[in-house]
Amino acid sequence: MSDPAARPRTAAVVVAAGKGLRIGGDLPKQYRRVGGRAVLTRTLAALAQHPDIDRIQPVIAPDAADFYRECLADLDIDLGKKLSEPVEGGATRQQSVRAGLEALAVTGGVPDLVLVHDAARPHVATDLIDRAIRAGREHGAAVPGVAVSDTIKLVEPIAPGIGRVHETPAREALRAVQTPQAFGYAALIAAHRRAADEGRDGFTDDGALAEWAGLQVVVFEGDAANRKITQPSDLIEADRSFSQGAGDV
Ligand code: CTP
Ligand code: MG
């Protein structure tokens, strides 16, 4: 992908407008420091250092402009050329992704391929981004997945903390899905607009939204290290791992 004329224009939407309710605390998790730098700073830097990502569109909460500025001050590389001004996200992840996609349409030229990535996954590695771009290019809609080690049950909640088991899918066929997820830009924004028009909200990943829209989605090999910081213990673990220099960029 080194010939600029031959490769698709590739953008990344980084969704960072969540409240981090499961972790709690005053500062949303994407602005907490791990190994001395904010989670979002690390995520942006990891994507920006990839030579095939041309443009990064951050999506932040309406009240987070000051936190975001502090994050940028922490960067030790110049993202000026790649990094767009942040846009405001919405009440759900789906709305935040849509805001990022619409912003890409308005300024700087429409990309061919778009990666959608959670700000809360700062461990995203170069080879995972490589695989996302390759699979997205080849298949049009591609999400990273890792095999699950637990047996998974499909349940229906019947009382607080109790669910009735419906089904136990064969473990070999299951994948835990991550980001970055890669899509043809035109197809993904069309799917998002349609979902919004039809009042569908709350898809927790773009893969599910794309499936709903009738796209054929493939799963490529994810990365077990690319965990999403979700619970307090994830923040402690990320802090430990970045303090030891893992994935430092
Ligand atoms: N996100 C977003 N806009 C929202 C909700 C989520 O941009 N309205 C982003 C988060 O900032 C995060 C990613 O989507 O980077 C994955 O979401 P999740 O891990 O659920 O983060 P939060 O929603 O912030 O956390 P919680 O669900 O615990 O409140
Ligand atoms: Mg959430």
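Q: At roughly what angle do the axes of α3 and helix α5 (residues 185–197) cross in this predicted model?
A: Helices are DSSP runs of H or I with at least four residues, strands E runs of at least two. Axes are fitted to C-alpha atoms, and angles run from 0 to 180 degrees between N-to-C directions. The two axes come within 10 Å and cross at roughly 130°.

Q: Which class does that make α3 relative to α5?
A: Angles under 35 degrees are roughly parallel, over 145 roughly antiparallel, 65 to 115 roughly perpendicular, and the rest oblique. Therefore α3 and α5 are oblique.

Q: Which residues of α5 make the contact with α3?
A: Contact means C-beta atoms, placed from the backbone, within 7 Å. From α3 come V97, R98, L101 and A105. Their partners on α5 are L188, I189, H192 and A196.

Q: Which residues come nearest to ligand 1?
A: Residues are numbered from 1 along each chain, chains are lettered from A and ligands numbered from 1 as written. Local features need pLDDT (confidence from 0 to 100) of at least 70, side-chain atom pairs 80 or more, while totals for chains, interfaces and linings use all residues. A residue counts as around the ligand if its C-beta atom, placed from the backbone, lies within 6 Å. Of 21 such residues, the nearest are V15, G18, L21, R22 and S96.

Q: Which elements give two or more residues to that shell?
A: The shell surrounds ligand 1. Its contributors of two or more residues are β1 (10–16) and α3 (93–106).

Q: Which peptide bond is cis?
A: P180 lies in the loop between β10 (175–177) and β11 (181–184). With omega near 10°, the cis bond runs from T179 to P180.

Note on methods
Contact = placed C-beta atoms within 7 Å.
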